[in-house]
Amino acid sequence: MIGVSDYLRRLDFESVRDGGSESWERARLADDAILLQTAESEFVVNLADGASSHVCEIEERADGYYGRCDCDAFGYGHHECAHLCALRKADFIGHLDVEGERITIPETGTVAERRARADGGPPRAPSGDLDHEDVEPPSGHGPEPRWTGQ
Ligand SMILES: [Zn+2]
């Protein structure tokens, strides 16, 4: 979404994943978890473990993920909250939201920035980041073959 601004916080998912963080563990995509993409970079997340729904905003920039969430954990400075972790996981595995649309974290930044990253940037960690991608398909397209050939 144009206009998503700098109040989004840098999200270090690698740290929380590798550190065995509670948020990352809690962000299991259970069958009764509810994720709904309400705008290009806005989602509603309910992890269905008794918590309420939260509104998240997340996007991928040239230097990493940025986002925010209206939950308490995020408000207390724990920016990689369970809801944002769940979205990161959902994007990685091609999880579908409650309307059957594939969860896709949008990329921002210029095409030139992305090309620099793909062609001349440092190798990305094997964390599911995409090295070979063009423009994301519009929502409504199914999972792409790149997710099934691994
Ligand atoms: Zn949250």
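Start at the hairpin: select strands S4 and S5, residues 54–61 and 64–69, and you will find that a hairpin of 2 residues joins S4 to S5. What you have on screen is a predicted model, and that is worth keeping in mind at every stop. The two strands run antiparallel, with 6 bridges joining S4 to S5. To see how they line up, pick Arg 61 in the viewer and look across to Gly 64 in S5, which stands opposite; then pick Ile 58, which has Gly 67 of S5 opposite.

Stay with S5 for a moment and colour its residues by burial. Is this strand mostly covered or mostly open? S5 is mostly covered, since 5 of its 6 residues are buried.

Next, add strand S3, residues 42–46, which pairs with S4 in the antiparallel sense over 4 bridges. Two positions are good to select here: Val 44, whose bridge partner in S4 is Val 55, and Phe 43, whose bridge partner in S4 is Cys 56. As you step along a strand, it helps to know that in a regular strand the side chains alternate between the two faces of the sheet.

Now add strand S1, residues 9–11, which pairs with S5 in the antiparallel sense over 3 bridges. In this pairing, Arg 10 stands opposite Tyr 66 in S5.

With strand S2 (34–39) shown as well, the whole sheet is in view. In what order do its strands lie? The sheet is open and has 5 strands in the order S1-S5-S4-S3-S2, paired antiparallel. The edge strands are S1 and S2, and each of them pairs on one side only. If you turn the sheet slowly, you can follow how neighbouring strands are turned by 35° against each other on average, with direction ignored.

On the edge strand S2, select Thr 38, which has its place there. Is Thr 38 buried or exposed? Thr 38 is exposed, because there are 12 other C-beta atoms within 10 Å, and a residue counts as exposed when that number is 12 or fewer. Leaving aside residues up to four places away in sequence, Thr 38 touches Phe 43 and Val 44. You can also draw a distance from Thr 38 to Glu 57, which are 19 residues apart in sequence and 9.8 Å apart in space, C-alpha to C-alpha.

Then select helix H4, residues 82–93, which lies across S1, S2, S3, S4 and S5 and runs at about 50° to S4. H4 has 12 residues and reaches 16 Å from its first C-alpha to its last, close to the 16 Å expected at 1.5 Å a residue. Its buried residues include Ala 82, His 83, Leu 84 and Arg 88. Just after the helix comes Gly 94, whose phi is positive, near 75°.

From the helix, move to the largest nonpolar core, which has 25 residues, and in which Leu 84, Cys 85, Ala 86 and Leu 87 have the most contacts. Helix H1 (13–18), S3, S4, S5 and H4 each supply at least two residues of this core, and H4 gives the most, with 6 residues. Select Leu 87 and show what surrounds it: not counting residues up to four places away in sequence, Leu 87 touches Leu 35, Phe 43, Val 45, Cys 56, Ile 58, Ile 103 and Ile 105.

Finally, zoom out to the protein chain, which holds 5 helices and 5 strands and follows the pattern β-α-α-β-β-β-β-α-α-α along the sequence. Of its 150 residues, 27% are buried. Among contacts between residues at least 6 apart in sequence, 60% join residues at least 24 apart.

As a last step, colour the chain by pLDDT: the average is 78, and 66% of the residues score at least 70. Select residues 1–5, over which the pLDDT is below 50, and where the model shows 6 contacts beyond near neighbours in sequence. Where pLDDT is low, the predicted coordinates should not be read in detail.

How values were computed:
Residues are numbered from 1 along each chain as its sequence is written. This is a predicted model: local features need pLDDT of at least 70, side-chain atom pairs count only at pLDDT 80 or more; totals for chains, interfaces and linings use all residues. Two strands pair if DSSP finds at least two bridges between them. Axes are lines fitted to C-alpha atoms, for helices over the stretch in contact, and angles run from 0 to 180 degrees between N-to-C directions. Two residues are in contact if their C-beta atoms, placed from the backbone, lie within 7 Å. A residue is buried if 20 or more other C-beta atoms lie within 10 Å of its own, exposed if 12 or fewer, and partly exposed in between; C-beta atoms are placed from the backbone. The expected span of a helix is 1.5 Å times one less than its number of residues. A nonpolar core is a set of buried Ala, Val, Leu, Ile, Met, Phe, Trp, Tyr and Cys residues joined through C-beta atoms within 7 Å. pLDDT is the predictor's confidence in each residue, from 0 to 100.
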